[in-house]
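Got a model open and not sure how to read it? Let's go through a few features together, one at a time.

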Amino acid sequence: MKLLETKIEQRISNLCQEITEIYAKHPQQPIDTITIKHVLGGMRGMKAMVCNTSYVDPYEGLFISGYSVPQFEDKTPEEIFFLLCTGTFPSLEEQQELHQELQQRSEVPSYIWNLLRSMPSTTHPMTLFSMGILAMEELSVFKQKYLEGAPKSDYWKYSLEDALNLIAKLPALAAGVYKILFMNGEFAHNNLNLDLAGKFTHLLGVNNKDVSFPDLLRLYLVLHCDHEGGNVSAFTARVVNSALSNLYYSASAGLNGLAGPLHGLANQTCLHFINSIHEQLGLDASLNDISSFVQRTLNSGQVIPGYGHAVLRETDPRFTSFMKFGDAYCSDSPYFKTVKKLYAVTPQILKKFKGGKISNPWPNVDAISGSLLYHYGITHFDFYTVLFGFSRILGFCAQNIMARGLNQPIIRTKSITNEQLKELVNK
Ligand code: NMX
Ligand code: MLT
């Protein structure tokens, strides 16, 4: 892992130098004014942490080290992990080294399978996925080295070790969850010399020989990898890791946040939503009928899954990227067609709903991703968030390697009581 480690070391050194200078000269420079609206409104938009792996622009969406979605959508998850960690795409030699490292670390311990198989068959796939990762905490190199008294300056190296061990096991773990819950529970060989997405496609065992299927899974794992530091799952993973809880604890915690319907679970909810449209209006519903369906859903007090965002104020470029893929390979799919019809009518309805109180009427990544998976035969909707989580672990790992490298302290904010708020406003 020498090449990757050297690049990360250089990046950490550069970032540390920048931060040290900024901090030395401007420790009291205000970044934001914290208002009551921030404190009561989920801290929306409040700039409160540094994250160098990626950035989300409200109108242009995700950037990884300056690269926009169309500039990295054709890469592999391995290249993206390298980019998140180092700020540069890997050379061929660096790619080969990373591939070898992941290849050697891919075996999931057998006790994990026993644990997951012992759970009720009705357990949600995200629960099994998160449990599997948590239960591998036993393997943490960081934990061991910390107990042995490793110096702080080396923490990031042991986080990198944990990250590679964890990421290497994700194809087998995620596919294992799928097989235990939805198939006969028999596993394929895990020692194939394939990239993460290729291995995952093979292990999943979905009977689909379409050559574009691994490409979809590759794209899926690339597009969900990171979304800066403040989203629920990444932030949770950061908070947990800041206590020096190792990456297994931190990734498992992050996944538990991703499992909420306002966050990653929205991809599952979207497919239920489309199914309801198909059940009630048929596969060929008109735009008018779909508009009325959306309006009825809003009137009944429910959210339209896959629409809206805490930061974005335009169509999510990850949605657009999937749309291009769907147009190329899935144009006959009834699910994909309904996604497009929803896109044609929903933003205009959301703009007008309750006097325009919805900040972003445009679709996010979850509005479309599941319709493509369904087309290729992954028809168990409740598995979709596991795929999101698999990808997002790349971001959790990169963010926390960086946080340890920059020696970021334990995260601990300050809360305030109603009494104190009253005192403040009555002053
Ligand atoms: N459908 C109906 N109402 C909505 C929607 C929507 N898609 N989006 C926002 N609102 C409502 C929201 O519930 C809130 O209502 P109230 O004041 O009654 O509580 C109001 O509009 C203002 O919220 P916003 O400021 O627009 O959004 P916020 O930043 O609080 O929340 C989401 C962002 C993403 C949680 C919200 O847009 C939502 O619930 N969307 C649907 C679920 C979804 O697609 N989540 C996935 C997000 C992406 N991801 O992958 O994680
Ligand atoms: C994400 O990818 O994490 C979601 O779009 C949610 C967010 O950024 O808040």
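Below is a short dialogue about the ligands, a helix and a loop residue in this predicted model.

Q: Let's start with ligand 1. Which residues come nearest to ligand 1?
A: Begin with the shell, then pick out the closest members. There are 20 residues around ligand 1, and His263, Tyr307, Lys357, Ser359 and Asp366 come nearest. By class, that shell splits into 10 nonpolar, 7 polar and 3 charged residues.

Q: Where do I look for polar contacts to ligand 1?
A: Look for pairs of N or O atoms within 3.5 Å. Here, an oxygen atom of ligand 1 sits 2.6 Å from an N or O atom in the Lys357 side chain. Asn364 has a polar side-chain atom 3.1 Å from an oxygen atom of ligand 1. The backbone joins in too: a polar backbone atom of Ile304 is 2.9 Å from a nitrogen atom of ligand 1. As for cover, ligand 1 taken alone exposes 890 Å², and the protein buries 74% of that.

Q: And which residues surround ligand 2?
A: Same routine, shell before contacts. Around ligand 2 you'll find His227, Asn231, His263, His309, Arg318, Phe388 and Arg392. That makes 1 nonpolar, 4 polar and 2 charged residues. Oxygen atoms of ligand 2 lie 2.7 Å from a polar side-chain atom of His227, 2.7 Å from one of His309 and 2.6 Å from one of Arg392. On its own, ligand 2 has 260 Å² of accessible area, and the protein covers 85% of it.

Q: Arg392 makes me curious about α19. What span should α19 have, at 1.5 Å a residue?
A: First, the general idea: an α-helix has 3.6 residues a turn, so residues three or four places apart point the same way. Now the case here: α19 covers residues 384-405, and its 22 residues should span 32 Å because each adds 1.5 Å; the end C-alpha atoms are indeed 32 Å apart. Don't skip the local geometry, though: α19 bends by about 30° at Arg392. After the helix comes Asn407, with a positive phi near 55°.

Q: How many residues of α19 are buried?
A: Check each residue against the cut-off, under 20% relative accessible area. In α19, 22 of the 22 residues are buried, so the helix is largely enclosed by the rest of the structure.

Q: Last one: is Arg105 buried or exposed?
A: Use that cut-off again. Arg105 has a relative accessible area of 12%, so it counts as buried. Arg105 belongs to the loop between α5 (92-104) and α6 (110-117). Its C-alpha atom is 7.5 Å from that of Leu164, although the two are 59 residues apart along the chain.

Key:
Residues are numbered from 1 along each chain as its sequence is written. Chains are lettered from A and ligands numbered from 1 in the order in which they are written. This is a predicted model: local features need pLDDT of at least 70, side-chain atom pairs count only at pLDDT 80 or more; totals for chains, interfaces and linings use all residues. Side-chain values use heavy atoms; hydrogens and water are left out. A residue is near a molecule or strand if one of its heavy atoms lies within 4 Å of it. A polar contact is a pair of N or O atoms within 3.5 Å; within protein, one must be able to donate a hydrogen and the other to accept it, and residues adjacent in sequence count only if both atoms are side-chain atoms. Accessible areas come from the Shrake-Rupley method with a 1.4 Å probe; for residues, only the protein chains shown count as cover. Ala, Val, Leu, Ile, Met, Phe, Trp, Tyr, Cys and Pro count as nonpolar, Asp, Glu, Lys and Arg as charged, and the others, Gly among them, as polar. Helices (H or I, at least four residues) and strands (E, at least two) are DSSP runs, numbered from the N terminus. The expected span of a helix is 1.5 Å times one less than its number of residues. The bend at a residue is the angle between axes fitted to the seven residues ending there and the seven starting there. Buried means under 20% relative accessible area, exposed over 50%, partly exposed in between (1.4 Å probe, protein chains only).
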